[in-house]
Amino acid sequence: MREELRLFFTALQFFTRVPVPAWVGWSPAQLNASARHFPTVGALVGALCALVLLAALRVWSAPIAVLLAMATGVLLTGAFHEDGFADSCDGFGGGFTRERVLAIMKDSRVGSYATIGVALLLALKYQLLLTLVARLDALTLAAALVASHAVSRLAALGVMARLDYVRDDDSAKSKPIAQTRPGAGALLFATTVALLPCVPLGTAAGPALLGAALVWLAAVPYLRRRLGGYVGDALGATQQLAEIGFLLGLSARGGAWS
């Protein structure tokens with residue numbers, strides 16, 4: 001149990017700014033083994049965002065509450081996944097060869113593709129959350145946020161299970177976590193954790209899960225064709241797009257909440 005807790009804290013310190021106990025330590029093998037806790041970390045981030053959203057709704061209007069919840073997620077993760085999405089927008093938008101895409105992704109400068117992409121991403125997420133606030137009761141709304149964060153991280157883990165890491169640079173911060181592909185046991189554990197918060201959503205969970213699954217199904221062949229595998233930025237982009245896909249499915253017209 002202590003070792004499993006160590007792995008959870010390892011994933012937590014890699015993907016968030018949340019402080020962890022000193023005894024957790026760090027090693028490449030430990031980080032690689034912690035991959036099964038991606039959805040667990042996502043569930044925690046989603047739960048904290050949900051708490052802020054529900055508390056803020058008691059004091060301010062829905063637009064302000066949603067923005068505060070979104071800001072909470074960004075602060076907790078240090079915009080880790082949003083940064084990966086931005087780099088992916090610049091890389092895939094401006095690069096026509098594998099080498100050029102990887103070079104652009106590694107460049108710390110922000111280009112027009114990243115600026116426009118992140119602006120559209122955040123605007124869409126904001127509108128989707130506003131839609132859910134208007135339709136859902138407090139408990140279901142909280143479950144929706146937890147599930148969207150957990151399931152979207154499962155989609156990123158699914159990319160890792162199907163593709164190999166392609167960047168050779170030893171300084172790449174995602175390389176240790178990609179030493180080996182996640183095994184069947186890790187995927188089963190991660191899937192269970194990701195699906196549990198979907199239960200309160202009832203039948204509406206189906207379209208939401210389909211939205212996230214479609215992102216994963218599109219990401220795997222796209223990354224294989226463009227890069228021959230994945231890099232950390234691509235995982236961040238997959239997580240962000242899968243979160244959007246989940247929220248799109250959940251808020252679609254004609255669904256359970258219409």
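Colleague: Which residues does Phe-15 touch, not counting those up to four places away in sequence?
Modeller: Phe-15 touches Phe-38, Val-41, Thr-77, Phe-80, His-81 and Ile-177. Contact here means heavy atoms within 4.5 Å.

Colleague: What kind of model is this?
Modeller: This is a predicted model, where local features need pLDDT of at least 70, side-chain atom pairs count only at pLDDT 80 or more, and totals for chains, interfaces and linings use all residues. Residues are numbered from 1 along each chain as its sequence is written, and side-chain values use heavy atoms, with hydrogens and water left out.

Colleague: Back to Phe-15. Where is its place?
Modeller: Phe-15 belongs to helix α1, residues 2–15. Helices are DSSP runs of H or I with at least four residues, strands are runs of E with at least two, and both are numbered from the N terminus.

Colleague: Is Phe-15 buried or exposed?
Modeller: Phe-15 has a relative accessible area of 11%, so it is buried. The cut-offs are under 20% relative accessible area for buried, over 50% for exposed, and partly exposed in between, using a 1.4 Å probe and protein chains only.

Colleague: How many residues along the chain separate Phe-15 and His-81?
Modeller: They are 66 residues apart along the chain. Their C-alpha atoms are separated by 8.6 Å.

Colleague: His-81 is in α5, then. At what angle do α5 and α11 pack?
Modeller: Helix α5 (residues 80–94) and helix α11 (residues 232–251) pack at about 110°, and their axes are 7 Å apart. That makes the two helices roughly perpendicular. The bands are under 35 degrees for roughly parallel, over 145 for roughly antiparallel, 65 to 115 for roughly perpendicular, and oblique for the rest. Axes are lines fitted to C-alpha atoms, for helices over the stretch in contact, and angles run from 0 to 180 degrees between N-to-C directions.

Colleague: Which residues of α5 and α11 meet?
Modeller: From α5, His-81, Glu-82, Asp-83, Gly-84, Phe-85, Asp-87 and Ser-88 take part. From α11, they meet Asp-233, Ala-234, Gly-236, Ala-237, Gln-239, Gln-240 and Leu-241.

Colleague: How do those residues divide by class?
Modeller: Four are nonpolar, six polar and four charged. Ala, Val, Leu, Ile, Met, Phe, Trp, Tyr, Cys and Pro count as nonpolar, Asp, Glu, Lys and Arg as charged, and the others, Gly among them, as polar.

Colleague: Take Gln-239 in α11. What does it touch?
Modeller: Leaving out residues up to four places away in sequence, Gln-239 touches His-81, Ser-152 and Arg-153. Gln-239 is buried, at a relative accessible area of 1%.

Colleague: New topic. How many cavities of 30 Å³ or more does the structure hold?
Modeller: One. Its volume is about 180 Å³. On a 1 Å grid over the protein atoms alone, a cavity is a set of points where a 1.4 Å probe fits but cannot get out, and lining residues have an atom within 4 Å of a point. Grid points are joined across faces, edges and corners, and the volume is the space filled by probe spheres set on the points.

Colleague: Which residues lie nearest the centre of that cavity?
Modeller: Met-70, Gly-73, Lys-125, His-149 and Glu-243, out of 20 lining residues. The elements giving two or more residues to the lining are α3, α4 (62–77), α5, α7 (112–135), α8 (138–162) and α11. The largest share, five residues, comes from α4. By class, the lining has nine nonpolar, seven polar and four charged residues.

Colleague: Staying with α4, what is Val-74 in contact with?
Modeller: Beyond its neighbours within four places in sequence, Val-74 is in contact with Ala-79 and Glu-82. Val-74 is partly exposed, at 32% relative accessible area.

Colleague: And Ala-79, where is that found?
Modeller: In the loop between α4 and α5. Ala-79 has a positive phi of about 55°, although it is not a glycine. Most residues other than glycine have a negative phi. Ala-79 is partly exposed, with 23% relative accessibility.

Colleague: Last one. What does Val-118 touch?
Modeller: Not counting residues up to four places away in sequence, Val-118 touches Glu-82, Phe-85 and Ala-86. Val-118 sits in helix α7. It is buried, with a relative accessible area of 19%.

Notes:
On a 1 Å grid over the protein atoms alone, a cavity is a set of points where a 1.4 Å probe fits but cannot get out, and a pocket is an open set with protein on both sides within 12 Å along at least five of seven lines; lining residues have an atom within 4 Å of a point.
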